[in-house]
Amino acid sequence: MSFTNEQLERYSRHIILKEVGAKGQKKLLESKVLIIGTGGLGAPAAMFLAAAGVGTIGLVDFDVVELSNLQRQIIHLTKDTGKHKVLSGKETINEMNPDVNVVTYKEWVSSSNIIDIIKDQDYDFVIDGTDNFPAKFLINDACVLSKKPFSHAGIIRFQGQTMTYLPDKGPCYRCIFQSPPPPDAVPTCKKAGVLGVMGGIIGTIQATEAIKYVLGVGDLLNGYFLTYDALKMEFRKVKLSSNKNCGVCSENPTLTGLIDYEQPQCELKGN
Amino acid sequence: MLIKVNGKEIELSKGVNISEFLIEQKVEMPEYVTVQINEEIIPKEQFETTIISTGDSVEFLYFMGGGSI
């Protein structure tokens with residue numbers, strides 16, 4: 001694969017970096033990243049990955065754009081209200097960078113489709129941009145079982161967190177949090193609010209992890225839990241160890257398959 | 001005795017178990033907090049029996065959803 005003149009110009013600031021170079025930019029153009037949830041976290045992650053020239057971006061979401069999304073989900077525009085998020089996201093990416101092939105999955109992830117979605121394009125890296133714990137545990141378990149690296153993240157109010165899972169290189173999300181909290185026990189963004197930029201900060205860190213993974217440079221957040229407090233303007237990187245009793249990634253896993261946990265009442269589809 | 005909680009040093013007057021410590025630190029919804037001491041996750045069943053001692057580094061890790069909706 002050789003670059004066109006437009007590509008040489010478009011990616012010139014990457015190509016000049018010794019950690020990227022022409023070789024790295026080719027890797028990016030040939031890479032495939034799946035983003036589950038095209039909202040607060042997924043929107044900025046998708047935009048930066050698209051701008052960086054990640055050749056294939058998968059977007060998974062069944063939701064449609066609402067006016068209340070636009071304070072933070074910057075991939076969607078006012079005119080997109082009422083449109084499916086994956087379609088709106090695809091249109092924005094296509095306008096931004098014609099090098100990117102966007103694959104859309106207009107569905108919620110569940111135990112019955114997530115493995116097929118991950119395998120559909122044999123994605124290199126998965127970004128969890130979902131807003132609920134059933135989906136977060138499902139993504140974790142599916143990635144562990146299919147040996148896919150992924151980035152977890154969560155945001156609420158003025159706070160955010162993220163960690164990266166690499167197969168056999170450190171803990172998974174379930175090592176830290178053994179099972180989801182009961183529905184409605186932990187507040188959601190809808191109920192508690194979230195500062196619009198939180199997804200920008202944390203989602204962009206997720207995109208950075210995906211890019212570094214594809215390039216094979218630097219240190220990733222595997223084995224670490226990064227927390228961000230915007231009010232204190234404080235980042236903390238907490239070292240983690242694997243949980244020898246983890247239900248999914250330990251030597252003796254208790255989980256035999258994927259689980260569809262119960263959703264909080266307020267987040268049920270069509271509600 | 002001095003211990004570290006989420007990276008900050010604090011003085012503890014006496015050794016307490018994790019359950020007591022969560023109350024003392026006014027941790028919201030302590031039943032859903034993951035507690036790591038010296039880089040080891042402590043199973044919830046051991047919260048009553050695990051005593052925090054001098055020099056321990058305690059981390060509270062909270063559930064955080066958010067993102068899509």
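User: In which helix of chain A is A:K190 found?

Analyst: In this predicted model, A:K190 is found in helix α9 of chain A, which covers residues 189-192.

User: Why is A:K190 called partly exposed?

Analyst: There are 15 other C-beta atoms within 10 Å of A:K190. A residue is buried at 20 or more and exposed at 12 or fewer. The value of 15 lies in between, so A:K190 is classed as partly exposed.

User: How far apart are A:K190 and A:S68 in sequence and in space?

Analyst: In sequence, 122 residues separate A:K190 and A:S68, whereas in space they are 9.5 Å apart, C-alpha to C-alpha.

User: What makes the radius of gyration of chain A agree with that of a compact globule?

Analyst: For 271 residues, a compact globule would have a radius of gyration near 18 Å. Chain A has 18 Å, so the two agree. Along its principal axes, the C-alpha trace of chain A spans about 55 × 45 × 40 Å. Of the residues in chain A, 48% are buried. Among contacts in chain A with a separation of 6 or more, 71% join residues 24 or more positions apart.

User: Which helices and strands make up chain A, in number, and how are the strands of its open sheet ordered?

Analyst: Chain A has ten helices and eight strands. The open sheet has eight strands in the order β3-β2-β1-β4-β5-β6-β7-β8, with mixed pairing.

User: Why are β3 and β8 of chain A said to stand at the edges?

Analyst: β3 (101-105) and β8 (234-239) of chain A each have a single partner strand, so one side of each is left without a neighbour in the sheet. Neighbouring strands of this sheet are turned by 15° against each other on average, direction ignored.

User: How do you know that β7 and β8 of chain A pair?

Analyst: Two strands pair if at least two bridges are found between them. Strand β7 (residues 224-229) of chain A and β8(A) share six bridges, in the antiparallel sense, so the condition is met. Within this pairing, A:F225 has A:V238 in β8(A) as its bridge partner.

User: Which strands of chain A does helix α5 lie across?

Analyst: Helix α5 (residues 85-96) of chain A lies across β2 (56-60) and β3 of chain A, and runs at about 175° to β3(A).

User: Which residues have the most contacts inside the largest nonpolar core?

Analyst: The largest nonpolar core has 72 residues, and those with the most contacts inside it are A:V33, A:A46, A:L49, A:I57 and A:V126. Leaving aside residues up to four places away in sequence, A:L49 touches A:V33, A:V54, A:I57, A:A207 and A:A210. Another core, of six residues, lies apart from the largest one; B:I18, B:F21, B:L22 and B:V58 are among its members.

User: What pattern does chain B follow along its sequence?

Analyst: Chain B has one helix and five strands, in the pattern β-β-α-β-β-β. Its C-alpha atoms fill a box of roughly 45 × 25 × 20 Å along the principal axes. Of its 69 residues, 23% count as buried.

User: How many residues of chain B are in contact with chain A, and what kinds of residues are they?

Analyst: 18 residues of chain B are in contact with 36 residues of chain A. β4 (40-41) and β5 (57-61) of chain B each supply at least two residues of the side that touches chain A. The residues of that side of chain B divide into eight nonpolar, seven polar and three charged.

Note on methods:
Residues are numbered from 1 along each chain as its sequence is written. Chains are lettered from A and ligands numbered from 1 in the order in which they are written. This is a predicted model: local features need pLDDT of at least 70, side-chain atom pairs count only at pLDDT 80 or more; totals for chains, interfaces and linings use all residues. Helices (H or I, at least four residues) and strands (E, at least two) are DSSP runs, numbered from the N terminus. Two residues are in contact if their C-beta atoms, placed from the backbone, lie within 7 Å. Ala, Val, Leu, Ile, Met, Phe, Trp, Tyr, Cys and Pro count as nonpolar, Asp, Glu, Lys and Arg as charged, and the others, Gly among them, as polar. Axes are lines fitted to C-alpha atoms, for helices over the stretch in contact, and angles run from 0 to 180 degrees between N-to-C directions. The radius of gyration is taken over C-alpha atoms; the globule rule is 2.2 Å times the number of residues to the power 0.38. A nonpolar core is a set of buried Ala, Val, Leu, Ile, Met, Phe, Trp, Tyr and Cys residues joined through C-beta atoms within 7 Å.
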